[in-house]
Amino acid sequence: MRTSNTSSVLTRRLAGAVLLPGILGAALVFAPQASAQPGPNSGVCNGVANQLAHRGTVQENLLKAAARKNAELIATLQTERSAFQANAATLKAQVDDATAALAALDAESTQLDAAVTGASTDLAALIEQQARTAKTIESATSYLAGLQTQHATATAALAPLEADLTAAQADAEDLKKQALTATAEVDGAQEALRAATDELVGLEATATRTAADAVRQNEAIAAAQGELASLTTTAQDAAVAAGTAQQAVTDAEDVLAQLVGAGTTAQSALDAQQAAVEAAAQSLAALQTEAKAAAEAVTSKNTAITAAQADLLTLEAAATQAADAVTARQTAVAGAQSELVTLRAAATKAADAVTTNSTRIATVSAEISKLEKDITAKNSEITAKQGAITTAQGELATLQDRKTTLETEIASLTGRIDAIKGNSSTKRDLEDQRKTKQDLLNTLNTQITDKSAQIAGLQGDLRTLQGQVDTLDAQLLAKQAESNTLQQQAAPLQAALATANASVMTRESEVRTLQGQLPALHTALTEAKTAVAAQQDDVTRLQDQLPAVTAAATAARDAVAAQEKVVADLEADLPGLTQGVEAAEAAITAQGDVLEGLRGELTDAEAQLAAATAAVAVRTAELTGLQDRLPTLQAAADSSAKALADKQAEIGALNAEIDGLVTALAGLNGRIATRESEVLALQGRVAPLLTQLNGLNGEVSATEARLKTLQGQLTTLDRQVTDAQAVLRGLEAQKKANKDAITAQKATVMTLQGKLGTVQGQINAIDGRILLGGCIA
């Protein structure tokens, strides 16, 4: 549909077309003979600046000549403007290409910065771990020397005690076997009772929890079913509202289509009438010209036909050349686009490789950090455990010193008692003192045994922790090797990506250049074909007009009169058609507003329907999950209740068994009390030394193996530090080259933008002259 502004322009053009022939006719009839003296030309250039202001005093032939000269000047300016516009388009494409290249370089710079930062962080971590490993090796070496000293001391102290223990064990072997068997049975039964009691507490809690879980699950299912019913009703209401809104939009669109059809029909009628008036006015002007020039046309017609045929041959050759140029350029564009698809696929593959590598580097770095934290924590635990062992060993040495003192005192008292004959009060006092000392010695032996067991347990924990540290060190070494490999792969992958992106941008620039050349070639081909067709029409028209040109001179006056009547009739029909178009446009605008409102309501209804449907789906999934978990929870509750009953029965049986075993053990202990005291004393002295010696053997072997592993890790870390430094230097070199390329690219962009601004200024100057009819403002 045309706008009201377009209608106003057409109206003014129609009025000009109607008035111009009348003014020209009046000028020919009533104007006096023009003299050769030129009139004043203030403000008028070589072209025709304002025909309405000057043609009343200029002859028609002079006006035509001035208009022709003005048209030639404008055509020249338009040709220059086309050349400048082509140049501007080329420069703009170059600016776009340079800007894209600059963006790619900036992105590469960001990636290089991240890579340099990551490489620096990894290098610092490797150096720190290298120092930490060296310190650990030093500590392990010192610790190994201490262990070897302790091993020699324990071996020397163990030999005489083992001989005494062998003799005592030979005397008390039978009683010890019975006591150990009874004690083992009691301990086993008590341990089983403790375990069963602990399990009973857990089973009671499990039974209570599983029963509560089943109840809560049933309540959750009931609540979910209620919410699902409510949400389903809401979704159904939303679906009905959406359907109603959709029908309203459809009806409004049908009404709008009818109004648009009516408006189009009215506009077509108005356009046809305006075209008919304009054509009639043009025909009238042509008839008036033909009436005047008919006498001169016969002589010039043959000359025009000959010239037109010569021009036709030239134009046909130019059209063939333009068609060949378009075909060649289209072939080049198709080839470049095919290559561009391959290059883009390669660039995408390279970008995916870089992304995968970067993601893996980040993952491995996080794993390395976690392993380092774990190693630090384990080392702290080892240090604490070693401190506890040292403390316990000091306490054990104190207890052993006290034991030696008591044994010396008891031996002295025994000597004094043996020296006294009879049963005097002095002897009884000495025996009481010896008994007190012996009781203290027995208590001390028990404390020494417990302390030795504590030290053995701590040493076992220490060996376990040391094994965990060795495992973590091996894992850390593997992860650092993987990180180093990934860092080395990053630079080649980044270079491949940069190369692929550069190839894509180069090929895209070529495609844009070729495609930018196509419109001009198509325009040239179209213009050439149009010129050939127009020239062929001119030749045919001239040849057809030649026989009738003489008769046309006679009939010209009648044709002018008839044409003036046709113009008048057509002008009378224009106002009614214009009013019909304006009414149709107003109705279309009003219906468009109604349609937009209905579409807004439809969008809201569809959004509500989508939200309600999604809520129903979510609640349905939740209800299904709750129902699926209910049988499992109920089965767990039943199983927990049965296990609780079984465990209670087991505890009753264990209590009865323990009562019988304790009674038997009490009688046996009364028979072996004296002999057991001696054996326990010797065992209390031998067992800690054996445990200590075994622990020292294990610790020496573990420390030696750990020291060897640490030395291997230190060698590997030295190599990784060297590799990481090489990677960092390579990335820094790439970063410097990238920075230089960015500076050069920025200069290129500034230069191209300056050239583009100059060309656009020239185009604006030419546009100004064309608007002024060829004059310089």
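Biologist: Is Gln459 buried or exposed?

Modeller: In this predicted model, Gln459 lies in helix H5, which spans residues 425-771. Buried means under 20% relative accessible area. Gln459 has a relative accessible area of 2%, so this residue is buried.

Biologist: Which residues does Gln459 touch, not counting residues up to four places away in sequence?

Modeller: Neighbours up to four places away in sequence are set aside here. The contacts of Gln459 are then Ile389, Gln393, Thr691, Gly695 and Glu699.

Biologist: Which side chain does a polar contact join to that of Lys451?

Modeller: Lys451 also belongs to helix H5, and its relative accessible area of 14% makes it buried. Apart from residues up to four places away in sequence, Lys451 touches Ala392, Glu395, Leu396 and Leu399. A polar contact of 2.4 Å links the Lys451 side chain to that of Glu395.

Biologist: Which helix gives the most to the largest nonpolar core?

Modeller: The largest nonpolar core has 15 residues, and those with the most contacts inside it are Ile382, Leu444 and Ile448. Helix H4 (173-419) and H5 each supply at least two residues of this core. With eight residues, the helix that gives the most is H5.

Biologist: Which residues are in contact with Ile448, leaving aside its neighbours within four places in sequence?

Modeller: Ile448 is among the residues with the most contacts inside the largest nonpolar core. Once neighbours within four places in sequence are left aside, the residues in contact with Ile448 are Leu396, Leu399, Gln400, Lys403, Gly684 and Pro688.

Biologist: How many residues does the second, separate core have?

Modeller: This core includes Ala182, Val186, Leu203 and Leu665. The number of residues in this second, separate core is 13.

Technical notes
Residues are numbered from 1 along each chain as its sequence is written. This is a predicted model: local features need pLDDT of at least 70, side-chain atom pairs count only at pLDDT 80 or more; totals for chains, interfaces and linings use all residues. Side-chain values use heavy atoms; hydrogens and water are left out. Helices (H or I, at least four residues) and strands (E, at least two) are DSSP runs, numbered from the N terminus. Buried means under 20% relative accessible area, exposed over 50%, partly exposed in between (1.4 Å probe, protein chains only). Contact means heavy atoms within 4.5 Å. A polar contact is a pair of N or O atoms within 3.5 Å; within protein, one must be able to donate a hydrogen and the other to accept it, and residues adjacent in sequence count only if both atoms are side-chain atoms. A nonpolar core is a set of buried Ala, Val, Leu, Ile, Met, Phe, Trp, Tyr and Cys residues joined through side-chain atoms within 4.5 Å.
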